2 protein chains.
Amino acid sequence: MKPLLRIPAIPPLTGKAFRRSPDSTILRRPSFARRFIASAQEHTRSVFPKLTTKLPPNMTTATTLKGQPLDKVTLESLLRRRMFYTPSFEIYGGVSGLYDYGPPGCALQANIVDAWRKHFILEEDMLEVDCTVLTPHEVLKTSGHVDKFADWMCKDPKNGEIFRADHFVEDVLETRLRGDKEARGLKIEEKEVDAKKKRKKTKGQEAIKLDDAVVQEYEEILAQIDNYNGEQLGELIIKHDLKNAATGLTPTPPVAFNLMFSTTIGPSSNLPGYLRPETAQGQFLNFAKLLEFNAGGMPFASASIGKSYRNEISPRAGLLRVREFLMAEIEHFVDPEGHKKHERFHEVEDIELVLLDRHTQLSGKTSVKKESIGKAVKEGTVDNETLGYFLARIHLFLKKIGVDQSKIRFRQHMANEMAHYATDCWDAELLTSTGWVECVGCADRSAYDLTVHAKKTGAPLVVRERLEVPKVTEEWEVDIEKKKFGPFYKKDGKTVEAAVLALSQEQREKLAKEMQENGKIVIDVPGVADGKVEISKDLLDIEKRKRTENIREYTPNVIEPSFGIGRILYSLIEHNYWVREGDDEARGVLSFPPSIAPTKVLIVPLSSNKEFEPFIRKLSQKLRVAGVSSRLDASNASIGKRYSRNDELGTPFGITIDFQTVKDGTVTLRERDSTRQVRAEQGKIISAIQSLVDGGKTWQDIEFELPIFQGQELEVR
Amino acid sequence: MKPLLRIPAIPPLTGKAFRRSPDSTILRRPSFARRFIASAQEHTRSVFPKLTTKLPPNMTTATTLKGQPLDKVTLESLLRRRMFYTPSFEIYGGVSGLYDYGPPGCALQANIVDAWRKHFILEEDMLEVDCTVLTPHEVLKTSGHVDKFADWMCKDPKNGEIFRADHFVEDVLETRLRGDKEARGLKIEEKEVDAKKKRKKTKGQEAIKLDDAVVQEYEEILAQIDNYNGEQLGELIIKHDLKNAATGLTPTPPVAFNLMFSTTIGPSSNLPGYLRPETAQGQFLNFAKLLEFNAGGMPFASASIGKSYRNEISPRAGLLRVREFLMAEIEHFVDPEGHKKHERFHEVEDIELVLLDRHTQLSGKTSVKKESIGKAVKEGTVDNETLGYFLARIHLFLKKIGVDQSKIRFRQHMANEMAHYATDCWDAELLTSTGWVECVGCADRSAYDLTVHAKKTGAPLVVRERLEVPKVTEEWEVDIEKKKFGPFYKKDGKTVEAAVLALSQEQREKLAKEMQENGKIVIDVPGVADGKVEISKDLLDIEKRKRTENIREYTPNVIEPSFGIGRILYSLIEHNYWVREGDDEARGVLSFPPSIAPTKVLIVPLSSNKEFEPFIRKLSQKLRVAGVSSRLDASNASIGKRYSRNDELGTPFGITIDFQTVKDGTVTLRERDSTRQVRAEQGKIISAIQSLVDGGKTWQDIEFELPIFQGQELEVR
C-alpha cells in the first residue's frame, strides 16, 4: 500500500551522536537515555512545544514520506486539530511532560500495542505479566535506582529557575557560538524563525566574535557534554562564566536529582515507595515463579506492557520526552554458557540491518554499514545470537507497523556509555525532525538484577538444571573436630581454623601423609605462638573424597528489548505524513498501514437523504461483525472535503453510499493513498477490506479483482 | 458451551447490604464504595489473604458453577499454582493491596478488556482517551477529592497498629456477639477453622454472655455502621469501651485519612500532585476538545481504560480491594433537558434485570424483582432511559464474558448513600464467596464535575446549540450613566446602583413611565439619606427591549458506567470454577467462555516422538495465522494429566497429535467441559475452533459436523 521509497545512504551524524556517554556516577538505563535532544529551544515554555529541527548537516530539513520538506507547524496543527494527543490538564495551564491521547492517538497506540503483542508475545510464546507501578523503596534501592537514577540539576539563585546542568552548559555555549558565527557573517544553521526567537531571548550575547581558540574549546566541550559529571559541569560553569540570560547570574553548583516520583504506601509513613521507572524490576522479582510456570524450561522470556514514570527536570519535546509513558519490555532469560545461542536465529540471519557499531563511533566516524545480522554476529559486531535475533525481530516489528525503512538504524552503545551491568547494547534509532531518536533499546543486562535481588532477599533466583552426565570431582577435605578443637586452642581457635581451611590441595595431600605417619602435623599460623602450631589426629582429619554433582545451578543472563511506545508512535506519525497538493490548498495525509491505522473505514453517505440510512446502519453492523472499525461522517461537507478530513486521520479506506447503492446494493471503496476507487456489492467490499487490513492482499490485488470506479463527483477536492 | 444454570430465587441479604450510607462529610465515589467487605478476618496479616465467607444466611456456603460447595482453599491453591495472580514483591515480604498478574491472569485481563472495548467503545462509537495518572493538586482540589476522598482511621497508642475506624468497631462488636452466642451454646455461622482463629486472637473475650438489650444494641450499630462519621465512631469506641485485643488499649479518636497517593511533579517541590483515584477527571477536562472532535454532536460518550490508585488503610481481600487497579470508565454526556432519552433504548427494553431498588431497601426488605428495563424506566424505578440503557448494556457485557446469571443483581443506592452530585446510582453486584461485590457502578453524576472545573478555570465546558426557532424575549432594561452616576452619589453610589438593578419588571415599567413624565424618579434605597433617593434622567435610562437568542448554552449531564476490571476478573474465576470428580483425585476446572479464556488451545503430542515435531510446528503456525492463541505441552506426563493441568488454566480446547496424524494429517479436538472429542483434518479443526471462539458455533454444532472420537487412551480420568 505504502509507496516504497528508495533507501538513500544514511546521512552521517553531527557531533551530537557522540554525546551519550553517561558520567561515571550516574546510572543510565541504556534503553532510554534521556538526552538525545539538545535543543536551543528547550527552554521555550510552551506546553505544546515545537520540536527543533536539529538534523545531520547534509540534511537541511526533515522530509515527509514523499520526500517533501516537512512543515512541522502544519503537522502539529493537524495533530492538535484531530486530537491525536493534547497537553494534559490544559484548561488548568498544563503540566509539562504530561500528554493525553485523544481518540485517534489512543487507537493508534492500541494498534501498535496489539501488533507488538502478536509479534513478540504470541509469536514467541512469551510469558506476559502485569506488575504494579507502585514499588517499595527497598526494591529500587537494591536495583541501584535510588542511588544512581539521577540527572544533574542547578538553579538560578534569584528567580529559582531550574536547569538540567548539561543542558544549561550546552545552551549557553551554543548561544555564544551562534553569536560568533553571526559576527563573522556566517550562515546560521537553524531556521530563520528560530534564530530570531533565540536572538530576542539572549539579547546582549548576540554577534560577539570569539577567539578561534575559544570556539574550538567550546566545540570540544559540546562534543563530549555527556561525559561530564556534576562536579565537572559545575567547573565548566565557573571557568567559562556561564550565566542565566534572564537574570545575569551564575546558577548554583549542580546537585544530583533523582528522577523517580516518590510516594508513601499505606497510612503510616513508614513504607516509602516510588512509581517504577521501568517495568523490568517486576519481571525480575517474579523470575522464580515464571520459571516454575514454564515447567523449568530455559531459555524463556517474560514481557510486560505498562506505564513507567520519570520525573524529568524540564521536559520540552512533546511526546519524545515525557514524565509518564507506556513501555513494552521483554526480559529474555538465557543460560550464560554456550555463547547465548538462539534456536530460531537461522530464521532471521539473512535480514539486513543498518548498523552503526561501537568501533566506528570510537574512531570518530559515523558511517553506517548495511549487513545481514548473521554476518554481524559471525564477525562479532553483535555479541551473540540471542541479541542478534532480537535486533532482527525489532527491525521486522518496526517495518510491520510502518516505520520508514530509510529512517532506521541500530546504534551500538560505546563502552563508557552503557550502564555498568550491561555487556552489549544496541538502540534502534528512528530519524525524525528532531534528529535520531532512540525508540527501542536492546541490552544484554547480564545477571546483574537477578544477582542483586537474590543477594538482598535470599530468594533463589537461579536455574537448577539436572546434569545429564553427573560431574565427579575428587578433593582433599579437612574435617575439624569442633568440640575439642575450640577448647584446645582457646582464643587462637578461630585463627588456627582459618589457617587449616586455607590450605591448598597440594598442602592437604602432603599433610594427610604426615598425619598418617606421625599422628600429628605442624602448620604455619602467623601470629599464634612462634608461628608454628601442632595439630594432633584427634583434632583434625584430612581425607580425599569423591563429590558427585547432579545439579548445575546458575543465574541466567537477561537480554532486554525495551520499547518506548510513545516515541515510536510519534516517529510513526512523522514517517507516514505527507502533503497532497490540491487546487485550493495542500492537504495532509497520514499513510499508516491499514493494520495500524486508528480507524479502518470511513462511511460517507452522498447526502443526508433518508433513503441511505438503512444502508448505513447495515453496513456499520456488518463491518463490526467483521471486526473492522469504522466511523460515519454524515456531515454536510462535500464528499471530497470529508475524505480529505479523513486522510488527516490516516483512515485507509472510505466507502461511499449513493443512489446506486439504493438501487443495487453496491458501494464504492476508496483507497487513501492513491484516491482510486472500486465498486462492488457490500459483501465483496467488506471481505476486500478484511484482507487489506490483515495484510493478505494489496490494493493492486483488489483493483485487479473488482471493477474500477471513476465517478467524478467522488474525487477529492 | 457453558451449561446454562437454572436461575434460582436470589437469596435475601444480610444486614450488611444496608451498611452503605456514607457519612455526610466524606465523599464516596458511588462506583466503588470501599467497604463492601466487613470481615472478622480482615486483620489477618497474610499477603495472600483468605477471603472469608460471609454469605446471605440462607446460603451456608458459596457454590461452584455446578452447584458444589466452593472450597476456597483449593481454588486459591490452584490460582497460585497456575500463577493467575501473585502478591507483588513477595520475595521482599510483599506489600498488602498490591498484586501482579501472571501469564493466565494477564491474558484473562486482556481478553476482558478487549471484550469491553468491543462491547462498549466500538459498538457505540465512543471516543476513547488515555489520560495521565499523575494529576496536579488543583484539579483534584476542585473535584472535591482533596477534601473529601477519605476514610476514618484510628491507631493503637502503644503498638501503633492502624485501623479503619468502622472496621475496628465492627470487628470488636462481632467478636463480642460471637462470644455471647458461644456462651449461649448457639451455632456459630462462620466455618469452624475461622472461629478457631478468631478465638485464639481475641482470647479472653470468648464465651461471655451479654444482656439481651446489649445484643440488640450491638446489632443495631452493626446494621448501620456506614452511617457513622468519624466523631460518632469515636463516641461508639468510648461508650462501649472497645479495645484492641492485642494491647488491651483504646485506640486514638478517628481522623480522616485521604485515600490518594501524593507525589511531587517536577524538580521543584511547588507542584504537588496525586495518582488519580479514578479516570473520570481526565475525561471531564478534555470535554471541550472531545465535543469538537465529535463535530459538536450530542449526546456522545468518552471512555478510558487505565490504572487508578487508592491508598487503602488496610487492604485484606485479595483482588477485591487493592491499592492499584485497572478501571474502565465511560462518561456519557447528555442534554439534561428531554428526560435523558436514549435513541437505542428500544433495542434493550425487553432485557430482564434483577433489581433491588432503593424503596425496597428503605422499607427494610431485600427482596429483588426481575423485570424488563423498559418497565423499570416506565415505572420510574430507574430514573431515565440513558441510565436504563447502560444498565442493560452492562448486563449484556457481564453475560457475554461468562458471569453466572444467577449471581448478578443491580442494587440502587439509597439517597443518603450517593455522592452529593449524583441523582441516581445503580451498582452491578456479583455474588462471590465474600458476599455481594459491587463490580460496576452506574451513576448519574449530573453536571457536577463540568460545572466545578468550568467555574475554577473559566473554560467553557458547555454545549452551544443553535436554536432552530430563535427565542425572543422582551424585557425592561436599565442603563446607568456610570460616568455621572458614581460622582453624583459618591459613597452611596454602589448602594443606589444595587437598588436600581434589583427593581422588578413591574417596577421598571412603572418607573419608565414616571421618568418619561417627570424627567426623574424616586426609589426606595434603605440606609441612604431618608430611604428615598431621587434619580434624574441624565443618570438613568429605562427601556423596553427585544432580545433574540439564537444559541442555547448548557452544561451536559454525565451518566457514568464505571468498571473495576480486577473485581470482575476475580468474580469471573469463582463463577466459572468447578470440580470434576475423578477416580484418584478431584480436579479443578475453570469453564471460561472461549472468547475470554486466557489461551484457546492446548497442543498435546501423544509422546515425545520426533515424528510429531513437524506437525506441531505447522499446527502452531496455522493457529497463529488464524489469530488463535495456543500453548504446547510436550511434557512426559500422561495425556490425561496434561489435559487436567490445562483444565485448571481454563483452556477450552485441546488438540492431540498422534500416530494417526502422521498417517493422514487428522487430529483430535477435545472440549474442556464435556471432555468429548471429535477427529478431523487440521483445516477443519482450526476453522471449527475459530467459530467456537468467535461465538459463531457451539460445541453441539461441531459434534454434529465432525466425527466423534472415542480413543480410550485420550480420556481424562
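The following exercises, with worked solutions, concern a predicted model.

**Exercise 1. Helix α5 of chain B**

Determine whether the end-to-end distance of helix α5(B) agrees with its number of residues, and state how far the helix is enclosed.

Solution. Step 1: helix α5 of chain B covers residues 165-183, which are 19 residues. Step 2: at 1.5 Å a residue, the expected span is 27 Å. Step 3: the C-alpha atoms at its ends lie 27 Å apart, in agreement with that expectation. Step 4: buried residues, those under 20% relative accessible area, number 16 of the 19 in α5(B), so the helix is largely enclosed by the rest of the structure. Step 5: just after α5(B), B:Gly185 adopts a positive phi of about 75 degrees.

**Exercise 2. The nonpolar cores**

Describe the largest nonpolar core and the surroundings of B:Ile401.

Solution. Step 1: the largest nonpolar core comprises 92 residues, and B:Phe84, B:Trp116 and B:Ile401 are among those with the most contacts inside it. Step 2: helix α14 of chain B (residues 385-401) supplies the largest share of this core, 9 residues. Step 3: beyond its neighbours within four places in sequence, B:Ile401 contacts residues including B:Ile112, B:Ile568 and B:Pro593. Step 4: another core, of 91 residues, lies apart from it and includes A:Trp116 and B:Ala280.

**Exercise 3. The relation between the chains**

Identify the symmetry that relates chain A to chain B.

Solution. Step 1: a turn of 180 degrees with a shift of 0.1 Å along the axis lays chain A on chain B with an RMSD of 0.3 Å. Step 2: this is the relation of a two-fold axis. Step 3: within chain A, A:Thr263 comes closest to the rotation axis, its C-alpha being at 2.5 Å. Step 4: 100% of the interface residues of chain A are also interface residues in chain B, so the copies meet through the same surface.

How values were computed
Residues numbered from 1 in each chain as written. Chains lettered and ligands numbered in written order. Predicted model: local features only at pLDDT ≥ 70, side-chain atom pairs only at ≥ 80, totals over all residues. Heavy atoms only, no water. Helix = DSSP H or I, 4+ residues; strand = E, 2+ residues; numbered from the N terminus. Expected span 1.5 Å × (residues − 1). Buried < 20%, exposed > 50% of the residue type's maximum accessible area, 1.4 Å probe, protein only. Core = buried A, V, L, I, M, F, W, Y, C linked by side-chain atoms within 4.5 Å. Contact = heavy atoms within 4.5 Å. Least-squares fit on C-alpha atoms with pLDDT ≥ 70 in both.
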